[in-house]
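This report describes one protein chain, moving from an antiparallel strand pair to the sheet that holds it, then to the packing and to two local sites.

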Amino acid sequence: MEQKIIKCAIYTRKSCEDGLEQEFNSLDAQRVSAENYIASQMHENWRLISKHYDDGGYSGGNMNRPALKELFEDIKAGLIDVVVVYKIDRLSRSLFDFSKIVALFEEHNVSFVSVTQAFNTSTSAGKLMLNILLSFAQFERELTTERVRDKFASSLKKGIWMGGNWPLGYDVKDRALVINEAEAKVVRLIYDKFLETESYTLITDWLNKNGYRTKVRHWKGKTIGGTLFKPSTVLQILKNPYYKGYVRHKDKMYPGQHEAIIAEERWEQVQEIFRQHKSEQRPRNSSLTPAFLKGLIRCASCDAAMIPTHCVKNGARYRYYACDNHLKFKTCKSEYKTVPAGIVEEQVVNELIRIFKSPEIIAHIDRLAASDKDISREELLTALKNLNDVWDYLYQAEQRKIAQMLINSVMIQDNGLKLDMNLDGLNQLLIELA
């Protein structure tokens, strides 16, 4: 009876790409050892298939490797009977992953051989030895990872830059960050603009419209960056402690060994604005910021300011605007001496949006475009539409500033509220947006 041919495949792996360009590299050395082992089993009718399964530059800590995936597919197709590796950790360094690999091998009646660690996976003793060897391989990998992590943390505490994408405003020289003055001017400009506008989205639009682009990096023969700014990119710049001369590790910051671009006091001013925004943020369509109409809302009956106030019932806080005369126990003949703040604020916003869409505002835009030759009617209409679209996504501080720019007063009357628009403020806003 003719003996069955045992089809053998060799799998090789190397974690890093260093040395792969050599004429005879680590993958070649692994393959030669495996070929010699298969040749020694010729009497068992072992035959090496011609296809190579080589993963150069891939970690053994996971199974996201192209050659390994190809090996699995060929096993499922019945093209392989034995998998030969130089050493067990070439196939995997993870006990969990290796258990899945062995299960796949067993499902398709495929044997596994390590050239330098002789064992037979078809026996219980061989499986035990396999698990012991793999446990040590995983322990070694995790121990190395811990050492690298500790070294990384220790270096950051000393203020040493530990690599990665170096930020806009800096270049890398002798493995350290040095200021790129041309880019540093852009960083300072971003901080100045944010302290003026308190809006990184507006800054993003301004940067892109004025020809500014993200940092260009050259890495392994590739050019990365030089694209339009995104709001997330600007936000990262505004929150990055590198710019005040610090490095961050988890939730702590340490003085860095590089030079600061932004003064620490100025950097902290920006972070304080973010903290205020965070405390003011609300879910979409919920009530607006407390005191949103402070200084704008008045009692029509006695022409007195309406003052933000609140009361607490059963642990819940309720906000109101109350006539100043009423609060001082003076005469107020208005039917609405106090009004719920959330309801009035929502009505004001809805009225603003209604006005934005009204024929009167369209006619006003026509007059503005006719008087300002530097801007077109279409640009102004687009700016108005954009304001409508993004209103619910603005920070509360941004909404408050826009409202104060657009509104002269909100009068609370017995038959409802009356909004007095500031057309000069509207002109200024639309021109800036356009």
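In this predicted model, strand β13 (residues 304-313) is joined to strand β14 (residues 316-323) by 8 bridges, and the two strands run antiparallel. Within this pairing, C311 stands opposite Y318 in β14.

**The sheet around this pair**

β13 and β14 belong to an open sheet of 6 strands, in the order β15-β14-β13-β12-β16-β17, and the pairing in this sheet is mixed. The edges are taken by β15 (338-340) and β17 (416-421), each of which has a single partner strand, so one side of each is left without a neighbour in the sheet. From one strand to the next, the twist averages 40°.

At the β17 edge, β16 and β17 run antiparallel and are joined by 6 bridges, and these two strands form a hairpin with 2 residues between them. In that hairpin, I412 stands opposite L417 in β17. A further antiparallel pair is formed by β6 (residues 170-173) and β7 (residues 176-179), which are linked over 4 bridges, with I179 in β7 as the bridge partner of Y170. The hairpin of β6 and β7 also has 2 residues between the strands, and in it D174 takes a positive phi near 55°.

The antiparallel pairs described here are set side by side below.

| Strand pair | Bridges | Facing residues |
|---|---|---|
| β13 and β14 | 8 bridges | C311 and Y318 |
| β16 and β17 | 6 bridges | I412 and L417 |
| β6 and β7 | 4 bridges | Y170 and I179 |

**Helix α11 and the nonpolar cores**

Helix α11 (residues 341-356) lies across β12 (297-299), β14, β15, β16 (407-413) and β17, and runs at about 50° to β17. The largest nonpolar core has 37 residues, of which L293, I297, Y321, L406, I407 and L419 touch the most other members. The largest share of this core, 7 residues, is supplied by α11. Another core, of 28 residues, lies apart from it and includes V187, F194, F229 and I273.

What surrounds I407, one of the core residues that touch the most other members? Leaving aside neighbours within four places in sequence, I407 is in contact with L296, V348, L352, L419, D420 and N422.

**A buried aspartate in helix α2**

D74 is placed in helix α2 (residues 66-76). Is the residue D74 buried or exposed? Its relative accessibility is 10%, and because the cut-off for buried is under 20%, D74 counts as buried. The side chain of D74 is joined to that of K51 by a polar contact of 3.0 Å. When neighbours within four places in sequence are left aside, the residues in contact with D74 are K51, Y53, L79 and I80, so that K51 appears both as a contact and as the polar partner of this aspartate.

**The chain as a whole**

Taken over its full length, the protein chain contains 15 helices and 17 strands, and 40% of its 434 residues count as buried. Among contacts in the chain with a separation of 6 or more, 60% are accounted for by residues 24 or more positions apart. The accessible surface of the protein chain comes to about 24900 Å², and 51% of that surface belongs to carbon and sulfur atoms.

Key: Residues are numbered from 1 along each chain as its sequence is written. This is a predicted model: local features need pLDDT of at least 70, side-chain atom pairs count only at pLDDT 80 or more; totals for chains, interfaces and linings use all residues. Side-chain values use heavy atoms; hydrogens and water are left out. Two strands pair if DSSP finds at least two bridges between them. Axes are lines fitted to C-alpha atoms, for helices over the stretch in contact, and angles run from 0 to 180 degrees between N-to-C directions. Contact means heavy atoms within 4.5 Å. Buried means under 20% relative accessible area, exposed over 50%, partly exposed in between (1.4 Å probe, protein chains only). Accessible areas come from the Shrake-Rupley method with a 1.4 Å probe; for residues, only the protein chains shown count as cover. A nonpolar core is a set of buried Ala, Val, Leu, Ile, Met, Phe, Trp, Tyr and Cys residues joined through side-chain atoms within 4.5 Å. A polar contact is a pair of N or O atoms within 3.5 Å; within protein, one must be able to donate a hydrogen and the other to accept it, and residues adjacent in sequence count only if both atoms are side-chain atoms.
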